[in-house]
Amino acid sequence: MARGPVASLFRAYASKSKISRCRVFLYNQNFHSFRQFNNWVLQSYHLSPFDVTCHHFSTSFVDLINSQLPSSNYPKFTINWRTFSSFDQDGDNKNSANSELEENDTVDILENVDENTMEDGADGVNESTFSDPLVVDNENRCVNESTFSDPLVVDDENGNQDSNDLVRKENVAFRDAIELYRELRNAEKNDTLKRSDWDTLQEIFYYFANSGWAANQALAIYIGRSFFPTAARNFRNFFCKKSSAELALYLVSIGPSDAAVRFLFPIFVEYCIEEFPDEIKRFQGMLQSADLRKPHTWFPFARVMKRKIIYHCGPTNSGKTYNALQRFMEAKKGVYCSPLRLLAMEVFDKVNAHGVYCSLYTGQEKKTVPFANHVACTVEMVSSDELYDVAVIDEIQMMGDAFRGYAWTRALLGLKADEIHLCGDPSVLNIVRKICSETGDELIENHYGRFKPLVVEAKTLLGDLKNVRSGDCVVAFSRREIFEVKLTIEKHTKHRCCVIYGALPPETRRQQANLFNDQDNEFDVLVASDAVGMGLNLNIRRVVFNSLSKYNGDKIVSVPASQVKQIAGRAGRRGSRYPDGLTTTLHLDDLNYLIECLKQPFEEVKKVGLFPFFEQVELFAGKIPNITFPQMLEKFGESCRLDGSYFLCRHDHIKKVANMLEKVQGLSLEDRFNFCFAPVNIRDPKAMYHLLRFASSYSQKVPVGIAMGMPKGSARNDTELLNLETKHQVLSMYLWLSHQFKEETFPYKKKAEAMATEIADLLGDSLTKARWKLESRQAGKARAKQQKDGYKRPNSLIKRYKETMEDKHSPEECSKKVAA
């Protein structure tokens, strides 16, 4: 492969009593324009004219040569260049030989140059990357003896060169990569090398195979990262079988380094283009099918519409969602996209209560109201095929979510609606502006402020939950802490607590919220997780943070400022009993962090999430046959290309389900894709087992049954409560799958709905009666160990007798008898 234009080369001969010849190779990218400097050199140093081709480059010229002449009339000048390799194009001097050179960035000509007439000339050099050192031999003086191929050679007056100082080998560094590759390909066998040189050569190719630079550059010729090690290994075998001694020794002289990688890479490119055309073509097609750039072009019907985007931007309790819903109810046909099932259910009830017929579509349930032109749905379930007058996308900042962000991005890009109302905080405002400029949609921004400012109470609870008051919401970030707080409050105060956390069904959370909002009962304190941050309308007087750190699945980290603001903003609600919002912490140590989080502006989201549709995954899978679905997902993540405003959403949970389903035979690609998106808790072995059973039954073309009994009553301890939660998750998963596949394959949908409703009621009843304390995992392990150590298998009578006799004759017993 051609290495670029020919570099500049000139030779100068100094006029002295003894004739010495010097030849200098110059890297052309150090020159901006050579003509002006050429004239300056000729005038300053009284040299005869020499011609150098003028090349214009972006880099500027620094110096030409540092020539140390014997006369004081000749000042020094230097050349500084980047490393390169080149070849002698016309071989003007047959007596010149290669010299052993040392890496240096400045060429120096020694002072002992004789005064004779200087000749001029120019040779072409092919540019590359490696350093150009210098050797000067004048009479008996040898400056450098390290091996390199780009010399400045000075001969004595008889034109003889010292063979002990110069290595006679081909000027490999100056030769073209195509020429070198052709010689390697046509060679019958390699030359013999020393064992040490052979080991060095292996180290060089090991360095090449592990070079990140080479792997990145190989992508330009469609050699993927996964195939690059194989290509590098085959190239090594090819090179070692065909290489000449001169080429091998030249590489050995460089050693395992970046210079060797850059020398080998053009030859590697020629080798790959000739040896792996099918792999290159396959990878090129794979990249094209995994191209996720310009996602707005995925929705051509939305692009031909002149849509109006209204961004309702503000914090919680600012009225932004209320105004968007008013416009939703006024429209002839509209859709509301919710982040949660619970919020979709609330909007469904509210809109129907105002006399506007509205249907409910979520992954687990579809309630179609006759004559309804409005739909309340979860954002994943919204249809981009329907035409609407008004669409509302709530919590638009979720576009930046690492797992679910793609659903909000699809809704914004693909909804066919005349008006699209976005509700959220300012964190994604700039990215929405950029998207609207790409789609050509009109953007209108409506900014809101809180009705009442959020006030931080300087006086914390001082670490004592006895200071909790009616209307408080104590926020904890783990299920264990939630129940510990509930037990402590109900044990030491007269308050009763409602409980809300993410693992609870929406129906149970809604029942607990209504219980807390009702002023005519004894449940006046709420203990909740971060699930309280969205989806519920609660009459909270004060939000109290039990702590401001949580476990993120890997380690304990501080709660992000955006999440703190979202949760604290739930305090105070216009038109409720507590219009003023208050917030504080349980411990004084956390108060400063709370204040700091509330002062911080919303962090700007730079990228939003994307994930491919099934059709895109299917097209990608067609490019790489004979591969498993998990491997295909892995390769898609490696191969996909995205614009700077987007990222590929994390799909670890999808890959884990896909790995589990590999043992199930008879599932099509689309079936696997749908099963992998089922709402399952991958950390719950029971839930994963039921999903595997559902998939196995489906693959066998038999009706998928529930095969799960109903609990006898409400939970009496934490184990039974967890069992109820798991049962409801399995039923919810069954209902979700029944809407993804044909009805006859999941025929027990009605039964599953009835069981899920009953279990949700049992969970609500269990939470109100909960008085137990959760055991820690370490405590459970310690108790199990204690039981294991405490129980011993009964010994025989003979063994008992022996143990008794040993105890009697032990030294301790004897000492006691002596003392007595």
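**The second largest pocket and two helix pairs**

In this predicted model, the lining of the second largest pocket splits into 13 nonpolar, 13 polar and 13 charged residues. The volume of this pocket is about 1,000 Å³. It is lined by 39 residues, and those closest to its centre are Asn317, Ser318, Thr321, Asn537 and Arg570.

The position of the pocket follows from the domains that line it. Domain 2 (295-447) and domain 3 (454-599) both contribute lining residues, so the second largest pocket lies between them. Three helices each supply at least two residues of this lining: H10 (320-330), H11 (341-353) and H16 (561-568).

Two of these helices also form a packed pair. Two packed helices are described by the angle between their axes and by the distance between the axes. For H10 and H11, the angle is about 55° and the axes are 12 Å apart. H10 is therefore oblique to H11, because an angle of 35 to 65 degrees falls between the roughly parallel and roughly perpendicular ranges. The crossing of H10 and H11 is right-handed.

A further pair is found later in the chain, made up of helix H20 (residues 652-660) and helix H22 (residues 685-699). H20 and H22 pack at an angle of about 55°, and their axes are 10 Å apart. That angle makes H20 oblique to H22. The crossing of H20 and H22 is right-handed.

Notes
Residues numbered from 1 in each chain as written. Predicted model: local features only at pLDDT ≥ 70, side-chain atom pairs only at ≥ 80, totals over all residues. Heavy atoms only, no water. 1 Å grid on protein atoms, 1.4 Å probe; cavity = no way out; pocket = protein on both sides within 12 Å on 5 of 7 lines; lining within 4 Å. Points joined across faces, edges and corners; volume = space filled by probe spheres on them. Helix = DSSP H or I, 4+ residues; strand = E, 2+ residues; numbered from the N terminus. Nonpolar A, V, L, I, M, F, W, Y, C, P; charged D, E, K, R; others polar. Domains from an automatic or database assignment. Axes fitted to C-alpha atoms, helices over the stretch in contact; angles between N-to-C directions. Parallel < 35°, antiparallel > 145°, perpendicular 65-115°, else oblique. Left-handed = near helix turned anticlockwise from the far one by under 90°.
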